[in-house]
Amino acid sequence: MAHSVRRHNVGFLPGMLDLMDPVLSELVNLSLKLGASTADLAILGEGNTSAKVGEGQFYVKASGFSLSNITPSGFSQVNIAPIMEALDGPDLSDADVRGLLGESRVEPTRDPLPSVETFMHAYLLSLRDVNWVGHTHPTPLISLLSIEGCEEIARQRLFPDEIVCCGPATAFVPYVDPGLPLARAIRQSVEEFIDEFGMVPKTIWLQNHGLICPAKSTRDVESASYMAIKAARAWVGALSTGRPLRPLTSQAVDRIHTRPDEHYRQKLI
Ligand SMILES: [Zn+2]
């Protein structure tokens with residue numbers, strides 16, 4: 001008998017998504033890894049993840065679900081167009097945002113309400129070579145993001161693997177309200193970063209809030225997230241000594257960022 005991958009029709013169970021969709025299962029796996037308590041990236045309902053699926057649609061975590069134990073039914077399949085239109089439109093009330101998020105679902109009767117951070121996921125997934133997005137609230141990074149002048153730290157690097165996994169610098173976003181205002185602020189910061197560095201940032205810091213890692217693969221989302229935590233711990237440790245800091249020079253950062261063997265290593269990580 002010929003073997004074929006079948007789509008399970010689970011439409012009779014409200015809130016369930018197609019269990020056989022490989023994008024969705026990879027997204028669930030990524031979310032469980034980022035939500036694991038040992039990772040210290042997110043607890044309770046913190047953080048959200050997303051993935052491009054086909055033309056003009058994406059999966060995004062729904063409101064009220066925890067990354068640590070999420071299942072396919074914790075995600076919503078969303079049309080990108082109405083969300084992107086809202087980014088360019090007028091400000092919306094909380095009720096209008098909820099209405100728009102509800103209407104943007106591909107299957108409104110099946111899927112739960114998407115996260116309020118759906119706007120920033122839509123924008124980042126619209127960028128070239130971004131297929132996955134992981135947004136988390138790592139404890140050591142929140143320490144760093146609560147320090148006066150942390151935007152200057154975002155532009156510096158302490159060690160070579162930080163450059164390989166997190167890029168030559170990090171895009172920085174000052175604190176704004178979550179949802180539509182945050183998505184607009186992220187778009188501005190990312191566009192400035194692309195103008196300056198000629199690439200989409202591998203890591204984005206949100207002041208007093210957390211981390212976003214947009215990437216081509218789930219493996220890259222993971223390596224950027226884990227290395228960003230390690231770098232934040234290194235920064236907090238170095239700052240706590242009270243002694244003058246010695247981050248890598250911009251020449252050293254450029255050298256690692258453009259070295260062919262580092263690009264090879266990056267592929268292996
Ligand atoms: Zn958040």
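# A friendly tour of a predicted model

Reader: At roughly what angle do the axes of helix 2 and helix 4 cross?
Author: Welcome, and keep in mind that this is a predicted model. The axes of helix 2 and helix 4 come within 9 Å. Helix 2 is roughly perpendicular to helix 4, because angles of 65 to 115 degrees count as such. The crossing angle is roughly 100°.

Reader: Which residues of helix 4 meet helix 2?
Author: Start from the helix 2 side, where Ile-80, Ile-83, Met-84, Ala-86 and Leu-87 make the contacts. Across from them, in helix 4, are Thr-118, Phe-119, Ala-122 and Tyr-123.

Reader: Which residues of helix 2 are buried, and why do they lie on the same side?
Author: Helix 2 spans residues 80-88. An α-helix has 3.6 residues a turn, so residues three or four places apart point the same way. The buried residues of helix 2 cover an arc of only 130° around the axis, which puts them on the same side. They are Ile-80, Ile-83 and Ala-86.

Reader: What does the buried side of helix 2 pack against, and which exposed residues are on the face turned away?
Author: The buried residues of helix 2 pack against strand 2, strand 3, helix 3, helix 4 and helix 8. The face turned away from that buried side carries exposed residues instead. These are Ala-81, Glu-85 and Asp-88.

Reader: Which helix gives the most to the largest nonpolar core?
Author: That core has 63 residues, and those touching the most other members are Phe-58, Phe-119, Ile-204, Trp-205, Ala-224 and Ala-228. The top contribution from a helix is seven residues, and it comes from residues 218-240. That stretch is helix 9.

Reader: Which residue of helix 2 is in contact with Phe-58?
Author: Leave aside the neighbours of Phe-58 within four places in sequence. Its contacts then include Ser-50, Ala-51, Val-53, Val-78, His-121, Ala-122 and Leu-125. Helix 2 covers residues 80-88, and the contact of Phe-58 in that range is Ile-80.

Reader: How many residues of strand 7 are buried?
Author: Strand 7 runs over residues 210-215 and is mostly covered. A residue counts as buried if 20 or more other C-beta atoms lie within 10 Å of its own. In strand 7, the residues that are buried number six of six.

Reader: In which sense does strand 7 pair with strand 4, and which residue is the bridge partner of Val-133?
Author: Strand 4 takes in residues 132-136, and five bridges link it with strand 7. The pairing is antiparallel. Within strand 7, the bridge partner of Val-133 is Pro-214.

Reader: Which residue of strand 7 stands opposite Ile-204?
Author: Strand 6, residues 204-206, is joined to strand 7 by three bridges, and the two run antiparallel. They form a hairpin with three residues between them. Opposite Ile-204 stands Ile-212.

Reader: What is the phi of Asn-208, and is this residue buried or exposed?
Author: Most residues other than glycine have a negative phi. Asn-208, in the loop between strand 6 and strand 7, has a positive phi near 55°. With 10 other C-beta atoms within 10 Å, where 12 or fewer is the cut-off, Asn-208 is exposed.

Reader: Where does Asp-40 lie?
Author: Asp-40 is not a glycine, yet its phi is positive, about 55°. It has 15 other C-beta atoms within 10 Å, and is partly exposed. Asp-40 lies in the loop between helix 1 and strand 1.

Note on methods:
Residues are numbered from 1 along each chain as its sequence is written. This is a predicted model: local features need pLDDT of at least 70, side-chain atom pairs count only at pLDDT 80 or more; totals for chains, interfaces and linings use all residues. Helices (H or I, at least four residues) and strands (E, at least two) are DSSP runs, numbered from the N terminus. Two strands pair if DSSP finds at least two bridges between them. A nonpolar core is a set of buried Ala, Val, Leu, Ile, Met, Phe, Trp, Tyr and Cys residues joined through C-beta atoms within 7 Å. Two residues are in contact if their C-beta atoms, placed from the backbone, lie within 7 Å. The arc is that of the directions from the helix axis to the C-beta atoms. Axes are lines fitted to C-alpha atoms, for helices over the stretch in contact, and angles run from 0 to 180 degrees between N-to-C directions. Angles under 35 degrees count as roughly parallel, over 145 as roughly antiparallel, 65 to 115 as roughly perpendicular and the rest as oblique.
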